[in-house]
Amino acid sequence: MRNWLHIGKSELIVLCVVSVSILLLVLLIEVFPAGRADNPSPTETALPLADSTENTQAKRLPQTTRDTSIERSADYAGPPEHILYKPKKKLTAGSRVDLNTADSATLTTVPGIGPAFARRIVAYRKRLGGFYTVLQLQEVYGMDHERYSQIKPYFSIGRLPEKIALQQPSGDSLPRHPYLNYKQKNRLEQLIRRNGCVQSWQQLYDCGLFNRDDSIRLSHYFTLSISSKDSVTP
């Protein structure tokens with residue numbers, strides 16, 4: 001027993017070194033985590049503030065619903081909301097609009113008509129002075145039979161075009177019209193200057209520049225002094 005308890009000088013030194021090492025290790029484990037929690041670095045202190053600022057800014061930003069069909073990039077956020085094309089709800093079968101009063105926005109509600117074609121219809125209506133029949137839609141530039149057959153049931157004619165008298169105009173010449181070519185317009189102006197008006201459709205037939213189809217079309221836009229035997233049924 002005495003021999004087991006007897007510790008030499010060298011063993012005592014080793015034992016002391018080991019004990020001190022263990023104590024230092026325990027102190028390091030206990031002291032350093034507590035020091036980091038109690039004394040955070042300036043960088044660690046700033047990070048929560050930055051996150052808080054970002055969260056505050058995010059809350060202030062208005063929430064928007066983006067159109068996923070728009071292609072975007074890091075430096076292109078897409079077009080402003082007010083200039084995006086928003087198609088209107090299309091008309092249902094049996095619905096009709098007045099071909100002479102509908103604006104381009106209303107025309108786009110007709111199945112088969114987009115913004116470009118709506119503008120063409122409005123532009124041609126202005127050149128004509130108005131449509132007198134839905135059949136005239138076939139004259140709109142780019143109109144094919146398939147599209148015409150699709151959109152025709154959705155139109156009606158309410159207000160008819162105002163007619164222009166074929167008499168001495170207040171200006172230098174007659175207004176232009178899609179149903180009058182250059183030679184026909186000049187011939188009409190000559191007849192009006194010479195006679196003051198066009199007295200009959202026969203006068204136009206006799207000059208060789210007009211036929212019965214012309215008189216049918218023009219009778220819906222022009223009036224002249226004619227007798228009952230010269231009248232034309234459109």
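Which side chains meet in a salt bridge at 2.9 Å, N to O? To find out, select Arg-217 and Asp-214: their side chains form that bridge. This is a predicted model, so every distance on the tour belongs to the prediction.

**Stop 1: helix α9**

Keep Arg-217 and Asp-214 on screen and show the backbone. Both residues belong to helix α9, 3 residues apart, or about one turn of the helix. Now switch on the surface. Asp-214 has 9% relative accessibility and therefore counts as buried, while Arg-217, at 31%, counts as partly exposed.

**Stop 2: helix α7**

The salt-bridge count comes to 2, so there is another to visit. Select Lys-185 and Glu-189, whose closest N and O atoms are 2.8 Å apart. These two are 4 residues apart in helix α7, so about one helical turn separates them. Are they buried or exposed? Lys-185 is buried, and Glu-189 is buried too.

**Stop 3: the aromatic pairs**

Next, hide the charged side chains and display the rings. The whole structure holds 3 aromatic pairs. Start with Tyr-124 and Phe-131: the ring centres are 6.2 Å apart and the planes meet at 55°, so this pair is tilted. Tyr-124 and Phe-131 are both buried.

Then move to Tyr-179 and Tyr-221. Their ring centres lie 5.7 Å apart with the planes at 75°, which makes the pair edge-to-face because that angle is over 60 degrees. Trace the backbone on either side and you will see that the pair links distant parts of the chain, 42 residues apart. Tyr-179 sits in the loop between β3 (164–165) and α7 (182–195), and Tyr-221 in the loop between α9 (212–218) and β4 (222–223). Tyr-179 is buried, with a relative accessible area of 10%; Tyr-221 is buried as well, at 2%.

Before leaving, add Tyr-132 to the selection. Ring pairs link Tyr-132, Tyr-179 and Tyr-221 into a cluster.

**Stop 4: the ring of Phe-117**

For the last stop, centre the view on Phe-117 and show Arg-120 and Arg-147. How far from the ring centre is the charged end of Arg-147? It sits over the ring of Phe-117, 4.1 Å from the centre. Turn to Arg-120, and you will find that it also lies over the face of Phe-117, at 5.1 Å from the ring centre. Keep both arginines displayed with Phe-117 to view these two contacts together.

Key. Residues are numbered from 1 along each chain as its sequence is written. This is a predicted model: local features need pLDDT of at least 70, side-chain atom pairs count only at pLDDT 80 or more; totals for chains, interfaces and linings use all residues. Side-chain values use heavy atoms; hydrogens and water are left out. Rings of Phe, Tyr and Trp (its six-membered ring) pair if their centres lie within 6.5 Å; planes under 30 degrees apart count as stacked, over 60 as edge-to-face and the rest as tilted. Buried means under 20% relative accessible area, exposed over 50%, partly exposed in between (1.4 Å probe, protein chains only). A charge sits over a ring if NZ of Lys or CZ of Arg is within 6 Å of the ring centre and within 35 degrees of the ring normal. A salt bridge is a side-chain nitrogen of Lys or Arg within 4 Å of a carboxyl oxygen of Asp or Glu.
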